[in-house]
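Me: I am new to this structure and would like to go through it in questions and answers. Could you reason each reply out with care and finish on the value or name I ask for?

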Amino acid sequence: MEQIELENLLKDMSLSEKIEQLVQLHGGFYGETDNYTGPVVDFHMTKEQPYRIGSILGEHGAQKLKDLQDRMMELQPHHIPALFMADVIHGYRTAFPAPIGIGSSFHPELAEKICEAVAREAAAAGVHVTFSPMVDLACDSRWGRCMESTGEDPWLNARFAESMVRGFQGDDYGKKGRVASCVKHFAAYGAVQSGRDYNVTELSERTLFEDYLVSYRAAVSAGVSMVMTAFNTINRIPCTTNKWLMRKVLREDMGFTGVLISDYGAVGESITHGSSEDLRDAAKKAMEAGCDIDMMSECYLHQLEGLVRAGELDESLVDEAVMRILALKNQLGLFENPYKDASTEDEEKVLFCEEHQELSRRAAEECIVLLKNEGVLPLTEDRKVVVVGSLADDREITGSWALFVKKEQTVTFKQAIKELYPGAHVEFILSDSLDEAGVDAVKNADRVILVLGENQSTTGESKSLADISLPREQRELFDRVYEENKNIVTVLFGGRPLAIPEVAEKSAALIEGWLPGSCGCYALADILFGRVNPSGKLSMSFPHCTGQLPISYRQFSTGRPKPPVDHYIPFVSNYMDVPNTPLYPFGYGLSYTVFEYSEVTLDKNSFSKGEKITASVVVKNAGRMDGMEAVQLYIRDMKGSVVRPLREFKGVEKIFLKKGEEREVRFDITEDMLRFYDINMDFVSEPGDFTLWIGDSSLTENGAKFRLLPQRQEQLQEV
Ligand code: BGC
């Protein structure tokens, strides 16, 4: 449709019809068409009303959505097609590793490929919009939703945000096989206090802008078509009714022009937050804040008309929101083809197709992180191995936001080993407690693989923990096995870093498998048996204990920094009982080969705005196996008008090196990479001294110094 036709359509719509476009309901409203029961009654709707609204959440399947679309268009007075939105977060029918794992690939291009595959499946199943990517910065693993985030670093999250948006949308999400992408949760949901889900946040404006908003901004710049609000407050105002956040920061400053949707029920929750009087007040505030779609609360449906008729809300606000929704429908091509790509034939072809299964496996190879290896890995097939733990045969490891997978298609760890290594001497004890026979088997094994951690029922939304140690039963299991056999390879599943200092110390090897997706256990098996060389790097630090949270490598210098010693020192900034540093930091992950880094060389030691410095290292695979390595760049601004982080992640290149091969890796340093919110909250760089490091983790000391020079007079005059 041309813009003028959209405008004419809008002019022709009644107020109630317009308001219905701003409402989103879940699929439960569309079950039995002849039964006037359940949510329809709870929401005080007429029988037909659900069929006139603008968008539906969570429904999927080509035939079902085609039929539903027919009915929607029949009952909507102007035959406007509905939008079908769903949480297709890390897979539709084929599950890929959970986002925390994807983050650990340190490979944004891989995330783009994954999202392309996810979009292909979702589009064939009739979905128009996915509620993904979730780009909330996560530094506190008490929060169950860490599993949906790519981790603790603003820069890395921003790269993943862009690549995921590109993967879903391509250059035009109206094209076949693409879906519109909705970035969430705006904003700073990952900063919920004490890691407790749905809690408030307490952030300085500087922290919000410099750390938390970076990834959403990147998604907006990449052309994301929708944004979802967050459940939390910012500055004690619920995000969904926060006019400053939505109108000023998101729309005006970031330049977002697309559709803004509330999170589930969040418009109404401003009442329970205690910042709106009632449904009417909540509707007014959310509308004024610029929230276009009310997902699953009654506020817009029943309150907007009265507000407009009473002159308390300008109808132009309603029109503005409706126009954005019509524009999204138009961009998706729904006025020409209301089903978009929904096709039962295409579902047959693409859902869980071989290509996607293969990608799920290859992706997991890059996401799994080897954290410790005292020479016990890789395993050889002649060794007697015992695998212990119920998670070893659990299909609930695809992740809690892979809602539409078929559970029976998830390959378990046991299944993967049996299929790929039929000749290996592996016995399975699929229980979290050991009987006598189990104890004997453990005692007589050359290696014990102990599978611990979480599955999707214990990590994800609303799965916050006050104590992130392993559950007692698993700790007891570990101790029991350790009594009998010290050759333990611990494999962790789950969606967050857990506090495992003893397990880490006592295990001979340790692997974080995350929630690896439909075919990820093949990758895990191949890593254990050495067919695949691990290359994952932690996208979230592993703390020693819950008390260190929130934690990130992006620490700041205090007035009393701790000198580099291992013990406690009074009257400096440290703990009496644990170190300041995490057990395993951001960027950390081992390989079966050895990557040697040359010293960093710079092509010059100082530069001004408009110029660049090139920093390079030569990386050599000096071990005995081919492998991939994420070469990482960190920078420190030595002094600033405000306190600056001790180092910040600023670049990565993931390279593949055959054994014996070496390669030069270069990073260009430009002035814009050095910008931050200065004492006046201006986003600028400050001339002065910097240190950069290039290495294999955030611990690298392979550094060089450079200087950013003040702008020359001529440059200042040009400005
Ligand atoms: C979650 C969102 C999700 C929405 C719709 C909410 O509970 O916070 O991330 O997109 O439900 O399912």
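Me: Is Glu461 buried, partly exposed or exposed?

Reply: This is a predicted model, and the values here are computed from it. Glu461 has a relative accessible area of 23%, while the buried class takes in residues under 20% and the exposed class those over 50%. Because its value falls between those cut-offs, Glu461 is partly exposed.

Me: With which residue does the side chain of Glu461 meet in a salt bridge?

Reply: Glu461 lies in the loop between β14 (447-453) and α19 (472-484), and its partner sits in the loop between β4 (129-130) and α7 (154-169), so that the pair, 316 residues apart, links distant parts of the chain. The partner counts as buried, at 1% relative accessibility. The N to O distance in this salt bridge is 3.4 Å, and the partner is Arg145.

Me: How many salt bridges does the structure hold?

Reply: Besides the pair of Arg145 and Glu461, there is one between Lys248 and Asp253, whose closest N and O atoms are 2.8 Å apart. In that pair Lys248 counts as partly exposed, at 33% relative accessibility, and Asp253 counts as partly exposed as well, at 37%. For the structure, the number of salt bridges is 50.

Me: By about how much of a helix are Asp281 and Lys285 separated?

Reply: The side chains of Asp281 and Lys285 meet in a salt bridge of 3.0 Å, N to O, and Lys285 is partly exposed, with a relative accessible area of 30%. Because the two residues are four apart in helix α12, the separation is about one helical turn.

Me: Which strand gives the most to the lining of the largest cavity?

Reply: The structure holds one cavity of 30 Å³ or more, and the largest cavity has a volume of about 50 Å³. Its lining is made up of Ile635, Arg636, Asp637, Arg644, Glu648, Lys650, Met673, Leu674 and Phe690, of which four are nonpolar, none polar and five charged. β21 (627-637) and β22 (648-657) each supply at least two of these residues, but the strand that gives the most, with three residues, is β21.

Me: What is the volume of the largest pocket?

Reply: Rolling a probe the size of a water molecule over the atoms shows where empty space is left. For the largest pocket, the volume comes to about 1100 Å³. Of the 31 residues that line this pocket, the closest to its centre are Gln555, Lys562, Asn580, Thr581 and Leu646. By class its lining has 16 nonpolar, 10 polar and five charged residues, around a volume of about 1100 Å³.

Me: Which residue is joined to Ser552 by a polar contact between side chains?

Reply: Ser552 lies in the loop between α21 (520-528) and β17 (595-597), and it counts as buried because its relative accessibility is 9%. Leaving aside neighbours within four places in sequence, Ser552 is in contact with Cys139, Glu152 and Ser541. The polar contact, 3.4 Å between the side chains, is with Glu152.

Me: Which residue takes a positive phi just after α13?

Reply: Within helix α13 (residues 299-309), the residues Cys299, Tyr300, Leu301, Gln303, Leu304, Leu307 and Val308 are buried. What covers them includes α2 (15-21), β1 (23-26), α11 (266-272), α12 (279-289), β10 (294-295) and α14 (315-331). Just after this helix, the residue with a positive phi, of about 75°, is Gly311.

How values were computed:
Residues numbered from 1 in each chain as written. Predicted model: local features only at pLDDT ≥ 70, side-chain atom pairs only at ≥ 80, totals over all residues. Heavy atoms only, no water. Buried < 20%, exposed > 50% of the residue type's maximum accessible area, 1.4 Å probe, protein only. Contact = heavy atoms within 4.5 Å. Polar contact = N/O pair within 3.5 Å; in protein donor to acceptor, adjacent residues only side chain to side chain. 1 Å grid on protein atoms, 1.4 Å probe; cavity = no way out; pocket = protein on both sides within 12 Å on 5 of 7 lines; lining within 4 Å. Points joined across faces, edges and corners; volume = space filled by probe spheres on them. Nonpolar A, V, L, I, M, F, W, Y, C, P; charged D, E, K, R; others polar. Salt bridge = Lys/Arg side-chain N within 4 Å of Asp/Glu carboxyl O.
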